[in-house]
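Me: Could you pick one part of this model and walk me through it closely? I'd like the cut-offs behind each term as you go.

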Amino acid sequence: MSEWEALENECRSCRNCSLHIERTNVVFGIGSREAEVVFIGEGPGRQEDLLGEPFVGRAGKLLDDMLSLINLDRKRIYIANIVKCRPPNNRDPLPEEQNNCFHWLDRQLTLLSPRIIICLGRISAMRLIKQDFRITKEHGLWFKYGESDITAIYHPSALLRDPGKRPETFVDLKAIQKRIKDTCVRTY
Ligand code: SF4
């Protein structure tokens with residue numbers, strides 16, 4: 001059994017926080033296990049819980065459109081969340097839930113060793129970039145996460161609620177595309 005398979009099997013039986021009680025599926029993550037580029041959201045919603053995949057439904061469709069704008073697709077990247085089970089009523093994951101869950105993502109990132117990480121939304125950026133991250137002011141800026149370059153853009157759900165944020169996100173996506181071209185060996 002590969003390290004990935006062992007990690008996924010272990011994660012799928014996790015009961016480290018109370019989010020396991022109402023979950024239908026653990027949403028482990030999806031994409032290439034050789035990916036140089038990783039997108040990280042906050043947690044599964046209703047459709048994701050039902051299907052066991054991150055970013056399906058309307059927000060997932062918009063994410064796919066955003067990826068295609070910069071010549072990416074799900075097969076060449078990896079997509080995961082800060083917590084792997086759905087918070088009730090789509091509330092933000094609580095700090096203790098994030099703390100209990102984070103080691104799964106940490107182990108995925110260790111296996112992937114990505115060159116570029118893109119946080120989707122505030123919760124992911126506050127966890128991976130800095131606690132006081134302000135998505136309205138700091139989206140599109142670049143930071144380091146270990147050896148990886150890391151940035152944050154608006155969550156697709158936020159773009160569905162407020163289409164006025166889309167032009168800024170288009171600029172951020174184009175900067176991400178350039179960073180991938182300059183940094184990644186296999187993605188382009
Ligand atoms: S959210 Fe994470 S820590 Fe909580 S039960 Fe699910 S996999 Fe385990």
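Reply: **Strand E4 and its surroundings**

In this model, Leu120 stands opposite Ile153 in E6. The model is predicted, so local features need pLDDT of at least 70, side-chain atom pairs count only at pLDDT 80 or more, and totals for chains, interfaces and linings use all residues. Residues are numbered from 1 along each chain as its sequence is written.

Let's begin with the strand itself. Strand E4 covers residues 116–120 and runs parallel to strand E6, residues 148–153, with 5 bridges joining the two. (Strands, E of at least two residues, and helices, H or I of at least four, are DSSP runs numbered from the N terminus; two strands pair if DSSP finds at least two bridges between them.) Ile116 also has a bridge partner in E6, namely Asp149. On E4's pairing with E2, 4 bridges join the strands, and they run parallel as well. There, Phe39 stands opposite Ile118 of E4.

How well covered is E4? Mostly covered is the verdict, as 5 of its 5 residues are buried. (Buried means 20 or more other C-beta atoms within 10 Å of a residue's own, exposed means 12 or fewer, and partly exposed lies in between, with C-beta atoms placed from the backbone.) In a regular strand, side chains alternate between the two faces of the sheet. In E4, Ile116, Ile118 and Leu120 sit on one side, Ile117 and Cys119 on the other, and both faces are covered.

Now for the sheet that holds this strand. It is an open sheet of 6 strands with mixed pairing, in the order E1-E3-E2-E4-E6-E5. Its edge strands, each pairing on one side only, are E1 (30–31) and E5 (143–145). Helix H8, residues 166–183, packs on the sheet and touches E2 (37–41), E4 and E6. The direction of H8 makes about 165° with that of E6. (Contact means that two C-beta atoms, placed from the backbone, lie within 7 Å; axes are lines fitted to C-alpha atoms, for helices over the stretch in contact, and angles run from 0 to 180 degrees between N-to-C directions.)

Following the order the other way brings us to E3. 4 bridges join E2 to E3, and these strands run parallel, whereas E1 and E3 run antiparallel, joined by 2 bridges. Tyr78 of E3 figures in both pairings: Val38 stands opposite Tyr78, and so does Gly31. Tyr78 and Ala80 point one way from E3, Ile79 and Asn81 the other, and all are buried.

The loops on either side of E3 are worth a look for their backbone angles. Asn71 lies in the loop between helix H3 (57–69) and strand E3 (78–81), and its phi is near 65°, a positive value in a residue other than glycine. Asn71 is exposed because 12 other C-beta atoms lie within 10 Å. Asn90, in the loop between E3 and H4, has a positive phi of about 60° although it is not a glycine. Asn90 counts as partly exposed because it has 13 C-beta neighbours inside 10 Å.

Helix H4 leads on to the ligand. The helix spans residues 95–112 and gives the most to the shell around the ligand, with 4 residues. In total, 15 residues surround the ligand, and the closest are Cys14, Cys17, His20, Cys85 and Cys101. (Being near a molecule means having a C-beta atom, placed from the backbone, within 6 Å of it.) The shell divides into 9 nonpolar, 3 polar and 3 charged residues. (Ala, Val, Leu, Ile, Met, Phe, Trp, Tyr, Cys and Pro count as nonpolar, Asp, Glu, Lys and Arg as charged, and the others, Gly among them, as polar.)

Helix H5, residues 122–128, holds Met126, which counts as buried because it has 21 C-beta neighbours inside 10 Å. Leaving aside residues up to four places away in sequence, Met126 touches Gln131 and Phe133. Met126 and Lys178 are 52 residues apart in sequence and 24 Å apart in space, C-alpha to C-alpha.

Finally, the whole chain gives some context. The protein chain has 8 helices and 6 strands, and 41% of its 188 residues count as buried. Its C-alpha trace spans about 40 × 40 × 30 Å along the principal axes. Among contacts between residues at least 6 apart in sequence, 70% join residues at least 24 apart.
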